[in-house]
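Subject: Handing over a structure

Hello,

I am passing a structure on to you, with some notes to help you find your way around. Please have a look at it first and then read on.

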Amino acid sequence: MKKIITTTKAPAPIGPYNQAVLSGNTLYTSGQIAINPETGELNIASLEAETTQVMENLKEVLAAAEMTFESVIKTTIFISDMNNFAEINAIYGKYFNEETAPARETVEVANLPKFVNVEISAIAIK
């Protein structure tokens with residue numbers, strides 16, 4: 001059985017998907033990009049601002065499922081340019097305890113929705 005997780009504190013889906021799905025004790029989030037949920041506009045003033053918005057959106061989706069970044073067991077980071085990895089990783093790392101950080105993969109892709117620089121999804125458990 002699955003439970004759909006939604007929150008107005010993260011961007012609304014822009015297609016036929018949900019922000020997250022809880023199946024048993026496992027949460028699967030959709031990829032988050034840097035849409036400011038209050039304005040609906042992209043927050044892409046800088047790579048730091050963009051990555052921070054992505055992580056804040058992900059934090060709100062986790063919170064809607066009564067979870068935190070400590071609940072995350074795996075993330076996937078999609079980036080449009082691997083040369084941006086160090087800066088994205090520095091912001092990403094601020095949201096996790098290094099000793100309990102999740103497994104992760106980072107993949108460079110040709111394009112992302114709305115041509116953003118970064119998209120991050122997560123799997124978390126209660």
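**How the strands pair**

Strand E4 (residues 72–79) pairs with E6 in the antiparallel sense over 7 bridges. Two strands count as a pair if DSSP finds at least two bridges between them, and the helices (H or I, at least four residues) and strands (E, at least two) are themselves DSSP runs, numbered from the N terminus. In this pairing, Lys74 has Ile123 in E6 as its bridge partner.

Before going further, a word on what you are looking at. This is a predicted model, in which local features need pLDDT of at least 70 and side-chain atom pairs count only at pLDDT 80 or more, while totals for chains, interfaces and linings use all residues. Residues are numbered from 1 along each chain as its sequence is written, and side-chain values use heavy atoms, with hydrogens and water left out.

Back to the strands. E4 also pairs with strand E5 (residues 103–108), in the parallel sense and over 6 bridges; there, Ile77 stands opposite Thr106 in E5. E6 (residues 118–125) is joined to E3 as well, by 3 bridges, and these two run antiparallel. Here Tyr28 has Ile123 in E6 as its bridge partner.

Which strand is joined to E3 by 4 bridges? That is strand E2 (residues 20–23), which runs antiparallel to E3 (residues 26–29). Ala20 stands opposite Thr29 in E3. E2 and E3 form a hairpin with 2 residues between them, and Gly24 in the turn has a positive phi of about 65°.

**The chain as a whole**

The chain has 2 helices and 6 strands, and along the sequence they follow the pattern β-β-β-α-β-α-β-β. The radius of gyration is 14 Å, close to the 14 Å that the globule rule gives for 126 residues, so the chain is as compact as a globular protein of that length. (The radius is taken over C-alpha atoms, and the rule is 2.2 Å times the number of residues to the power 0.38.) Along its principal axes, the C-alpha trace spans about 40 × 35 × 25 Å.

Of the 126 residues, 38% are buried, where buried means under 20% relative accessible area, exposed over 50% and partly exposed in between (1.4 Å probe, protein chains only). Among contacts (heavy atoms within 4.5 Å) with a separation of 6 or more, 67% are between residues 24 or more positions apart.

**Some residues to visit**

Is Leu27 buried or exposed? Leu27, in strand E3, counts as buried, at 0% relative accessibility. Leaving out residues up to four places away in sequence, Leu27 touches ten residues' worth of company that you can pick out on screen, including Ile5, Leu22, Leu62, Met67 and Ile123. By contrast with those contacts, the C-alpha atoms of Leu27 and Ala86, 59 residues apart along the chain, are separated by 27 Å.Thr7 lies in the loop between strand E1 (2–5) and E2. Thr7 is buried too, at 18% relative accessibility. Beyond its neighbours within four places in sequence, Thr7 is in contact with Gln19, Glu60, Val61 and Ala64. The C-alpha atoms of Thr7 and Ile79 are separated by 25 Å, with their positions 72 residues apart along the chain.

Pro37 is in the loop between E3 and H1 and counts as partly exposed, at 28% relative accessibility. How far apart in space are Pro37 and Ala10, C-alpha to C-alpha? They are 5.1 Å apart, although 27 residues apart in sequence. Setting aside neighbours within four places in sequence, the contacts of Pro37 include Thr8, Ala10, Pro11, Gln53 and Asn57.

Two residues other than glycine have a positive phi and deserve a look. Glu66 has a phi near 60° and sits in the loop between helix H1 (47–64) and E4; at 68% relative accessibility, Glu66 counts as exposed. Lys114 likewise has a phi near 60°. Lys114 is found in the loop between E5 and E6 and is partly exposed, with a relative accessible area of 48%.

Happy exploring, and do write back with any questions.

Best wishes
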